Amino acid sequence: MVKHIVLFKLKDNVPEAEKLVVMNKFKAAIESLPSKISVIRKIEVGLNINPGETWNIALNSEFDTLEDVKVYATHPDHVAAGKILAETKESRVCVDYEF
C-alpha cells in the first residue's frame, strides 16, 4: 500500500474569505473522487485551523501501488479538482511512501 500525502500553501495576498471558499470547494471535489476513480482506497482533505502555521490544506490518501497514484494523478476528474487551486496556490509538497 502507498500513502500519498500532499500539503498546499495558498498565496498570502488572497483574502481569507476567498481562501476559505476555494479550500472548501477543493475539499468537496477531492473527497468526491473515490466514486469516479476506482484506484483510490481512502482519501481525505483537512483544512488547517491553526492560523500560526504555514500550510493551508493537507490531502491524505491511500492506494495499492505507486502506479495507482499515477492513474489518480492523471485522471481528468483529479486534474479538474486541482485546477480549483490554480489561481490561489503558492506551493505544494508531496510525499509517497509504502506502509
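Below is a short chat about helix 2 and the two largest pockets of this predicted model.

Me: Happy to start small. Why is Thr 74 called exposed?

Reply: Its relative accessible area is 60%, and exposed means over 50%, so Thr 74 earns the word.

Me: And what makes Thr 74 part of a helix?

Reply: Helix 2 covers residues 66-74, and Thr 74 lies within that run.

Me: How do you know that the side chain of Thr 74 makes a polar contact with the backbone oxygen of Lys 70?

Reply: The side chain of Thr 74 reaches that oxygen at 3.0 Å. A polar contact asks for N or O atoms within 3.5 Å, so this pair fits. The backbone oxygen of Val 71 is also reached by the Thr 74 side chain, at 3.4 Å, and that value too is within 3.5 Å.

Me: Good, now the inward side. Which residues of helix 2 are called buried, and why?

Reply: They are Asp 68, Val 69 and Tyr 72. Buried means under 20% relative accessible area, so each of these residues falls under that cut-off.

Me: What makes you say that the buried residues line one face of helix 2?

Reply: Looking down the helix axis, you find them within an arc of 105 degrees, so they line one face.

Me: What do those buried residues pack against?

Reply: Quite a list: strand 1 (2-10), helix 1 (16-31), strand 2 (42-47), strand 3 (57-63), helix 3 (76-83) and strand 4 (89-98). Contact here means heavy atoms within 4.5 Å.

Me: On to the pockets. What volume does the largest pocket have, and which residues lie nearest its centre?

Reply: The volume is about 280 Å³. Of the 16 residues in the lining, Glu 16, Met 23, Asn 48, Pro 51 and Asn 56 lie nearest the centre. Helix 1 gives the most to this lining, with 4 residues.

Me: How do you class the lining of the largest pocket?

Reply: It divides into 7 nonpolar, 4 polar and 5 charged residues. Met and Pro count as nonpolar and Glu as charged, so Met 23 and Pro 51 are nonpolar and Glu 16 is charged.

Me: And what about the second largest pocket?

Reply: That one holds about 240 Å³ of space. It is lined by 16 residues, with Val 6, Phe 8, His 78, Gly 82 and Arg 92 nearest the centre. Helix 3 supplies the largest share, 4 residues, while helix 2 is among the elements that supply at least two. By class, the lining has 11 nonpolar, 3 polar and 2 charged residues.

Me: Why is Gly 82 polar in that scheme?

Reply: Gly is counted among the polar residues, so Gly 82 goes there.

Definitions and conventions:
Residues numbered from 1 in each chain as written. Predicted model: local features only at pLDDT ≥ 70, side-chain atom pairs only at ≥ 80, totals over all residues. Heavy atoms only, no water. Buried < 20%, exposed > 50% of the residue type's maximum accessible area, 1.4 Å probe, protein only. Polar contact = N/O pair within 3.5 Å; in protein donor to acceptor, adjacent residues only side chain to side chain. Arc of directions from axis to C-beta. 1 Å grid on protein atoms, 1.4 Å probe; cavity = no way out; pocket = protein on both sides within 12 Å on 5 of 7 lines; lining within 4 Å. Points joined across faces, edges and corners; volume = space filled by probe spheres on them.
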